[in-house]
Amino acid sequence: MIVTTMDEVINWMRKSSIWYLLFGTACCAIELMQTGGPRTDLDRIGSVFRSTPRQADLMIVAGTVTYKMAERIALLYHQMAEPKYVLSMGSCANCGGLFQNSYSVLKGVDKVIPVDVYVPGCPPRPEALMEGVLKIQEIMMKENYLKNHGERDNEF
């Protein structure tokens, strides 16, 4: 007999089936694709990519974000169902990277959408991205889903 709370069961199911939205804009996207490969294999922890925001609960922003693209990122983020999470991958997505002096580059994706986990590097290795997804899973397990469902305020 296993005794647990309903929140723990729901959180365990949510963390074991993370569907992430691919949003690769630069060289970090190659590392994002590699993370789905056989060596790191995101599928083994229940993470699969989705091409539509309506089925995804995690957005991985990988690479340089321009002001023109920031509007589309925000649109996709708002189309995702609650609860939703954002992982910023790479120096360019985190703070603009080596292109931050350019007039067209956003100085971090957190200027348009809230970010839960930052993965540093230029580009970060697949193992670093895997650790970022594991951090998202830790966040999910700490949530009181039944009590707080719909109360999480992710809007700026």
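A residue counts as buried when its relative accessible area is under 20%, as exposed when that area is over 50%, and as partly exposed in between. The exercises below use this definition on a predicted model.

**Exercise 1. Which residues of H1 are buried, and how are they placed around the helix axis?**

Solution. Begin by listing the residues of H1 that meet the definition, which are Asp7, Ile10, Asn11 and Arg14. Next, look down the axis of H1, where these buried residues fall within an arc of 100°, so they line one face of the helix. The spacing fits a general rule: an α-helix has 3.6 residues a turn, so residues three or four places apart point the same way.

**Exercise 2. Describe the length of H5, find its buried residues and say what covers them.**

Solution. First, take the length: H5 runs over residues 126–142, which makes 17 residues, and the distance from its first C-alpha to its last is 25 Å, close to the 24 Å expected at 1.5 Å a residue. Second, list the buried residues of H5, which are Pro126, Leu129, Met130, Gly132, Val133, Ile136, Gln137 and Met140. These residues cover an arc of only 155° around the axis, which puts them on the same side of H5. Third, ask what lies over them: the cover includes the helices H1 (6–15) and H2 (28–35), together with the strands S3 (58–62), S4 (85–89) and S5 (117–119).

**Exercise 3. At what angles do H1 and H2 meet H5, and which residues make the contacts?**

Solution. Start with H1, whose axis comes within 8 Å of the axis of H5 and crosses it at roughly 160°. Angles over 145 degrees count as roughly antiparallel, and therefore H1 is roughly antiparallel to H5. The crossing of these two helices is right-handed, and the contact is made by Glu8, Asn11, Trp12, Arg14 and Lys15 of H1 with Gln137, Met140 and Met141 of H5.

Now turn to H2, which packs against H5 at an angle of about 70°, with the two axes 9 Å apart. Because angles of 65 to 115 degrees count as roughly perpendicular, H2 is roughly perpendicular to H5. Here the contact is made by Glu31, Leu32, Gln34 and Thr35 of H2 and by Pro126, Leu129 and Met130 of H5.

**Exercise 4. Are Thr64, Asp41 and Lys142 buried, partly exposed or exposed?**

Solution. Thr64, in the loop between S3 and helix H3 (67–79), has a relative accessible area of 16% and is therefore buried. If residues up to four places away in sequence are not counted, Thr64 touches Thr25, Ala26, Cys92, Phe99 and Val105. Asp41, in the loop between H2 and strand S2 (48–50), has a relative accessible area of 25%, so this residue is partly exposed. Lys142 belongs to helix H5, and its relative accessible area of 72% makes it exposed. Although Lys142 and Glu8 are 134 residues apart in sequence, their C-alpha atoms are 8.7 Å apart in space.

**Exercise 5. Where are the cis peptide bonds of Pro83 and Pro123, and what is the phi of Asp41?**

Solution. As background, most residues other than glycine have a negative phi, and most peptide bonds are trans. A cis bond joins Glu82 and Pro83, with omega about -10°, and Pro83 sits in the loop between H3 and S4. The bond from Cys122 to Pro123 is also cis, with omega near -20°, and Pro123 sits in the loop between S5 and H5. Finally, the phi of Asp41 is near 50°, which is a positive value in a residue other than glycine.

Conventions: Residues are numbered from 1 along each chain as its sequence is written. This is a predicted model: local features need pLDDT of at least 70, side-chain atom pairs count only at pLDDT 80 or more; totals for chains, interfaces and linings use all residues. Side-chain values use heavy atoms; hydrogens and water are left out. Helices (H or I, at least four residues) and strands (E, at least two) are DSSP runs, numbered from the N terminus. The expected span of a helix is 1.5 Å times one less than its number of residues. Buried means under 20% relative accessible area, exposed over 50%, partly exposed in between (1.4 Å probe, protein chains only). The arc is that of the directions from the helix axis to the C-beta atoms. Contact means heavy atoms within 4.5 Å. Axes are lines fitted to C-alpha atoms, for helices over the stretch in contact, and angles run from 0 to 180 degrees between N-to-C directions. Angles under 35 degrees count as roughly parallel, over 145 as roughly antiparallel, 65 to 115 as roughly perpendicular and the rest as oblique. A crossing is left-handed if the near helix is turned anticlockwise from the far one by less than a right angle, and right-handed if clockwise.
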